[in-house]
Amino acid sequence: MGNRRRTGREQRTRSRLLHVATEEIRHRLQRRSDCRREFDERRQSETRSRRKDLDDLSSSVEASSVSFRRRYEKYLDPSFFQHRIHWFSIFNSFMMVIFLVGLVSMILMRTLRKDYARYNKDDDVDDMERDLGDEYGWKQVHGDVFRPVSNRILLTALIGTGYHIAVVAFFVILFTIFGHLYTERGSILGTTIFVYAATSPVNGYFGGSLYSRQGGHLWIKQMFCGALLLPSMVSGTALLINFIAIYYHASRAIPFASVLAIIAICLFIILPLALIGTIVGRNVAGQPDNPCRVNTVPRPIPEKKWFMEPGVIVLLGGVLPFGSIFIEMYFIFTSFWAYKVYFVYGFMLLVFIIVITVTVCVTIVCTYFLLNSEDYRWQWTSFLSAASTAVYVYIYSIYYFFFKTKMYGLFQTAFYFSYMALFSLALGILCGTVGYVGTSVFVKKIYATVKID
């Protein structure tokens, strides 16, 4: 009897559990069906709404008169970059160039004509009168003016790098003018890296040939210094900023793959091309072409007025070149630090030509005064007097930081001043090279014309 009761109770429990499970399954299936039906209705509603929006949009679209090539111009600011002040600054710099070139030409032609007339009187004077004479001026240092310069490896590396920067700047400006590179993010930087790597033989050719004419023998060391001078400065600055950016978890941090790519470009592209340029330069233009022989014993440098000292000439040499470009510096700084798109690269090309012309004229005048005071240390003086333009540009960047920007904090301050220092150094190397080359041509010309005993 007890077993029958237990069996009946188990059967009722099983039937009850089966009924509950069946009801649960049916309820879940019904809920899933309702959810699917609700989802389908919502999707159909969204589809109808999207179709309606597309129909409304298509019915309101109007044809634009702006071509696809000129679509980027809506983000430009012509009222800022093409302002009347910008045009006046270019005109002012151009008139200053004309005035300066005319003034330098007139002064040098009149002064050199008198110098030639005074020096050529030696033909009519006997040896006794010539020895007792009181001659002075740049002719007296003809035996020392072409003496090899001190620290020739550093100077020739700077000159080769300056040629390289000038070529890269010229081609990048042309490519930007005709290719509208400013319309794509990073295209100008990529083009600059490509052009710099492709034109590396320029660095080796001019630096190596000048080092050979200076009588140097460590040409491999000079080649490495010239090829890696600017990349090392850029890499050091970027590495410093990268450490600070990593500390602040900023997006400016350079990825490790980009660092490896830059190292590979320097080792496998820039160095081999610079080596080729150095070998060609030493064999093609490495022979000395000085119009005067160099004396064995250096001539003592006489005392002179304080304003004729090389240090004073160096500080004053960069004033006029900076005056010809400081308005353009404002627009360039604003485009870089105030997030405006710089697109007037025609202005930049004109300013580039103007600053080269002004730098050459000013450096020639400074070198003439230095040689006329019988100081033959013109090579470093000509380079540094032109390169001092970078000092004034950096001082102007300090003013711009405090009065034109709203940057603060360690990261922004380090980022600004580090890259402005790099920009100023590159500009200084460029101006110094232009000044040295122009002065070198002038010095060889005047000493080749006058008669030297």
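A helix, in what follows, is a DSSP run of H or I at least four residues long, and helices are numbered from the N terminus. With that settled, Leu370 lies in helix H13, and we will come to this residue shortly. Please keep in mind that the model is predicted.

**The whole chain**

Start with everything in view. The protein chain has 16 helices and zero strands, so a cartoon view will show no strand arrows under this definition. Of its 453 residues, 39% count as buried. The accessible surface of the chain comes to about 27700 Å², and carbon and sulfur atoms hold 64% of that. Among contacts in the chain with a separation of 6 or more, 85% are between residues 24 or more positions apart.

**Stop 1: Leu370**

Select Leu370 in helix H13, which spans residues 345-372. Is this side chain buried or exposed? Leu370 has a relative accessible area of 0%, so it counts as buried. Now show what surrounds Leu370: leaving aside neighbours within four places in sequence, it is in contact with Met308, Pro310, Ile313, Asp375, Arg377, Trp378 and Thr381. For a distance label, pick the C-alpha atoms of Leu370 and Ser382, which are 9.6 Å apart in space and 12 residues apart in sequence.

**Stop 2: the loop between H13 and H14**

Move along to Asp375, one of the contacts of Leu370. Asp375 sits in the loop that runs from helix H13 (345-372) to helix H14 (378-387). Despite its place in a loop, Asp375 is buried, at a relative accessible area of 0%. Which residues does Asp375 touch, not counting those up to four places away in sequence? They are Val141, Ile301, Lys304, Pro310 and Leu370.

Next, click on Glu374, which is in the loop between H13 and H14 as well. Glu374 counts as buried because its relative accessibility is 12%, which is under the 20% cut-off. Look at the backbone here: the phi of Glu374 is near 65 degrees, a positive value in a residue other than glycine. Most residues other than glycine have a negative phi.

**Stop 3: H10 against H14**

Pro310 has come up in the contacts of Leu370 and in those of Asp375. Select helix H10, residues 310-317, together with H14. Two packed helices are described by the angle between their axes and the distance between the axes. For H10 and H14 the angle is about 30 degrees and the axes are 6 Å apart. The crossing is right-handed. To see the contact, show Pro310, Ile313, Val314 and Gly317 on H10, and Thr381, Leu384 and Ser385 on H14. Color these residues by class and you will find four nonpolar, three polar and no charged residues.

**Stop 4: Asn151 and helix H5**

Now select Asn151, in the loop between helix H4 (127-132) and helix H5 (152-179). Asn151 counts as exposed because its relative accessibility is 55%. Its phi is near 55 degrees, again a positive value in a residue other than glycine.

From here, select H5 and H7 together. How far apart are the axes of H5 and H7, and at what angle do the helices pack? The axes are 8 Å apart and the angle is about 145 degrees. This crossing is right-handed. On the H5 side, the contact has Arg152, Ile153, Thr156, Ile159, Gly160, Thr161, Tyr163, His164 and Val167. These meet Ser200, Val202, Asn203, Phe206, Gly207, Leu210 and Tyr211 in H7. By class, the contact of H5 with H7 has eight nonpolar residues, seven polar and one charged.

**Stop 5: H7 with H9**

Keep H7 (residues 200-213) on screen and add H9 (residues 256-285). Their axes come within 6 Å and cross at roughly 40 degrees. H7 and H9 are therefore oblique to each other, since roughly parallel would call for an angle under 35 degrees. The crossing is right-handed. From H7, the residues to show include Ser200, Gly204, Tyr205, Gly208 and Tyr211, and those from H9 include Ile270, Ala274, Gly277, Gly281 and Arg282. The full contact divides into nine nonpolar, eight polar and two charged residues.

**Last stop: Leu189**

Finish at Leu189 in helix H6, residues 187-198. Leu189 counts as exposed because its relative accessibility is 56%. Draw a C-alpha to C-alpha line from Leu189 to Val172 and it will read 9.4 Å, for a pair 17 residues apart in sequence.

Definitions and conventions: Residues numbered from 1 in each chain as written. Predicted model: local features only at pLDDT ≥ 70, side-chain atom pairs only at ≥ 80, totals over all residues. Heavy atoms only, no water. Axes fitted to C-alpha atoms, helices over the stretch in contact; angles between N-to-C directions. Helix = DSSP H or I, 4+ residues; strand = E, 2+ residues; numbered from the N terminus. Parallel < 35°, antiparallel > 145°, perpendicular 65-115°, else oblique. Left-handed = near helix turned anticlockwise from the far one by under 90°. Contact = heavy atoms within 4.5 Å. Nonpolar A, V, L, I, M, F, W, Y, C, P; charged D, E, K, R; others polar. Buried < 20%, exposed > 50% of the residue type's maximum accessible area, 1.4 Å probe, protein only. Areas by Shrake-Rupley, 256 points an atom, 1.4 Å probe, with all protein chains shown as cover.
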